[in-house]
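The following note sets out some points on the side-chain packing and the pocket of the model under review. Please read it alongside the sequence and coordinates.

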Amino acid sequence: MSDADVAVLLLVRVVVGLIMIMHGLNHWRGGGRIEGTARWFTGLGLRQGVLQAWMSVLTEVGAGVLLILGLLTPLACAAVISVMLVAGLLAHRPNGFFVFKDGYEYVLTLAVVALALAVLGPGRWSVDHAAGIDLTGWTGGGTALGAAVVATGGLLGTFWRPEPKADAEPAADAESIVGAEPQSPVVEPESGNTPGSVEQEAR
């Protein structure tokens with residue numbers, strides 16, 4: 001592996017690691033703090049929102065630090081992939097693909113980059129290389145993907161309990177339609193003092 005290859009791997013590790021750290025710190029110290037993050041997780045259907053919030057902080061910051069150091073790289077990549085899977089499945093999937101519509105484009109990209117990094121390894125400029133930890137190739141990629149899938153499945157199976165959607169109002173039956181009194185035509189008021197305009201002015 002050339003020095004250029006090693007430098008690129010270091011660049012990818014540092015950038016993805018910093019992204020994860022910033023996400024974790026935002027969940028902890030951002031506008032809503034832990035309480036706001038907990039409410040967000042609860043809104044996604046995850047029980048024990050405060051626990052979920054702290055788990056996200058520790059996982060994201062921890063994975064970011066490990067990636068920057070190049071330490072236990074397949075496990076760090078597994079953490080990134082798992083976080084992106086949860087976010088993609090629960091928060092972004094209903095919005096479609098594109099990130100500008102809050103879709104799953106961004107989380108998919110990060111997950112694939114993390115998987116590629118697990119396959120390629122952290123490179124020579126890493127703690128793994130200095131410690132003689134060589135878990136790359138299909139083994140590294142399989143370890144990262146397998147651990148991520150197991151962790152995601154365990155999290156969703158244990159904590160994901162979405163609220164059932166309210167049933168739609170039953171349609172009126174034929175008898176009620178036939179027996180209904182004819183409705184008087186609605187006369188629009190001439191002035192602008194409609195309920196909507198009054199409410200708008202009150203705001």
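Does Phe98 count as buried, partly exposed or exposed? With a relative accessibility of 43%, Phe98 counts as partly exposed, because that class covers the range between 20% and 50%. This assignment, like those below, is drawn from a predicted model.

1. Aromatic pairs. Five aromatic pairs are present in the structure. In one of them, Phe97 and Tyr104 are edge-to-face, because their ring planes stand at 85° with the centres 5.5 Å apart; the angle is to be judged against a cut-off of over 60 degrees. Both partners are partly exposed: Phe97 has a relative accessibility of 36%, and Tyr104 has a relative accessible area of 30%.

2. A stacked pair. The rings of Phe98 and Phe100 lie with centres 5.2 Å apart and planes at 20°, so this pair is stacked. The accessibility classes of its members are not alike: Phe98 is partly exposed at 43%, whereas Phe100 is exposed at 63%. Through ring pairs, Phe97, Phe98, Phe100 and Tyr104 are joined in a cluster.

3. A charge over a ring. Arg29 is placed over the face of Trp28, at 5.6 Å from the ring centre.

4. The largest nonpolar core. This core comprises 22 residues. Met20, Leu67, Cys77, Val80, Met84 and Ala144 have the most contacts inside it. Two or more residues each come from helix H1 (3–29), helix H3 (49–69), helix H4 (73–92), helix H5 (105–120) and helix H7 (137–159). H4 supplies the largest share of this core, with nine residues.

5. Surroundings of Met20, and another core. Leaving aside residues up to four places away in sequence, Met20 touches Glu60, Val61, Gly64, Val80, Val83 and Met84. Apart from the largest core lies another core, of 13 residues, which includes Val57, Val86, Leu155 and Leu156.

6. The largest pocket. Its volume is about 490 Å³, and 24 residues line it. Of these, Phe41, Ser56, Glu60, Val83 and Val86 lie nearest the centre of the pocket. H1, helix H2 (33–43), H3, H4, H5 and H7 each give two or more residues to the lining.

7. The part played by H4. Which element gives the most to the lining of the largest pocket? H4 does, with nine residues. H4 also provides the largest share of the largest nonpolar core, again nine residues.

Note on methods: Residues are numbered from 1 along each chain as its sequence is written. This is a predicted model: local features need pLDDT of at least 70, side-chain atom pairs count only at pLDDT 80 or more; totals for chains, interfaces and linings use all residues. Side-chain values use heavy atoms; hydrogens and water are left out. Rings of Phe, Tyr and Trp (its six-membered ring) pair if their centres lie within 6.5 Å; planes under 30 degrees apart count as stacked, over 60 as edge-to-face and the rest as tilted. Buried means under 20% relative accessible area, exposed over 50%, partly exposed in between (1.4 Å probe, protein chains only). A charge sits over a ring if NZ of Lys or CZ of Arg is within 6 Å of the ring centre and within 35 degrees of the ring normal. A nonpolar core is a set of buried Ala, Val, Leu, Ile, Met, Phe, Trp, Tyr and Cys residues joined through side-chain atoms within 4.5 Å. Helices (H or I, at least four residues) and strands (E, at least two) are DSSP runs, numbered from the N terminus. Contact means heavy atoms within 4.5 Å. On a 1 Å grid over the protein atoms alone, a cavity is a set of points where a 1.4 Å probe fits but cannot get out, and a pocket is an open set with protein on both sides within 12 Å along at least five of seven lines; lining residues have an atom within 4 Å of a point. Grid points are joined across faces, edges and corners, and a volume is the space filled by probe spheres set on the points.
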